[in-house]
Amino acid sequence: MKKIILASVLAAFALVGCGGENKEAAASAAGDKKVYEVKFAHVVSANTPKGRAADFFAKRVEELTDGQIKVHVFPSAQLVDDDKVFQELKRNNVQLAAPSFSKFTPFAKEFNLWDVPFIFRDTDHLHKVMDGEVGKILKDVISNKGYIALDYWDAGFKQFSTNKKPIIVPSDAEGQKMRIMSSKV
């Protein structure tokens, strides 16, 4: 069974058997190195931090592999949205993805941790958790589901904003209406 490597983010990148047979055959016949092509799908605009990071990732992969791996980035849900990206990774229609952490929760409930508000003191605390034992345990959960999480890709903390009053501590949100990303938390 093919292993799928998932990276988000944030998140998670994913990489699976890449390249087409025609290109491989042509490369072998010509004595050239094989060139593997992968599709990296994400849902945000190319000019956002995540979009720019995806483009930078693609550029660095090509540089570090002497052009043997070409990553084609598809921003703005051009290929698939985050709700369906895991199915497309399994089908090998997409090889890389960086979905939001909450998109992992239908099959990895442990990822609800990332949606708990006010759990991390600051970015350093978040990164210590991601890079520590908890982060490794969560990557293993993903691996047990047939994906391999290469690393975390955080896009910053979720922010609360309101036109009524600042939300600094949880009690400040009392009585406020919230529009939120889909999450059981």
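A surface patch, as the word is used here, is made of residues that each have over 30% relative accessible area and no salt bridge, with nonpolar side chains joined within 5 Å. In this predicted model, Phe118, Phe160, Met178 and Ile180 form such a nonpolar patch on the surface, and together they have about 400 Å² of accessible area. Met178, one of these residues, lies in the segment after strand E6 (147–149). Its relative accessibility is 39%, so Met178 counts as partly exposed, a term that covers values between the 20% limit for buried and the 50% limit for exposed.

From the patch we can turn to the sheet, which is open and consists of three strands in the order E4-E3-E5, with parallel pairing. Because strand E4 (69–74) and strand E5 (96–97) stand at the edges and have a single partner strand each, one side of each is left without a neighbour in the sheet. Helix H2, which spans residues 49–64, packs on this sheet and touches E3, E4 and E5, and its direction makes about 170 degrees with that of E4. Within the sheet, strand E3 (residues 36–41) pairs with E4 in the parallel sense over six bridges, and Lys39 stands opposite His72 in E4.

Beyond strand E5 the chain enters a loop that leads to helix H4 (123–131), and Lys109 has its place in this loop. Lys109 has a relative accessible area of 60% and is therefore exposed, the limit for that term being over 50%. Although Lys109 and Leu138 are 29 residues apart along the chain, their C-alpha atoms are separated by 9.8 Å.

Conventions: Residues numbered from 1 in each chain as written. Predicted model: local features only at pLDDT ≥ 70, side-chain atom pairs only at ≥ 80, totals over all residues. Heavy atoms only, no water. Pairing = 2+ DSSP bridges. Helix = DSSP H or I, 4+ residues; strand = E, 2+ residues; numbered from the N terminus. Contact = heavy atoms within 4.5 Å. Axes fitted to C-alpha atoms, helices over the stretch in contact; angles between N-to-C directions. Buried < 20%, exposed > 50% of the residue type's maximum accessible area, 1.4 Å probe, protein only. Patch = residues over 30% accessible without salt bridge, like charges linked within 9 Å, V, L, I, M, F, W, Y side chains within 5 Å. Areas by Shrake-Rupley, 256 points an atom, 1.4 Å probe, with all protein chains shown as cover. Salt bridge = Lys/Arg side-chain N within 4 Å of Asp/Glu carboxyl O.
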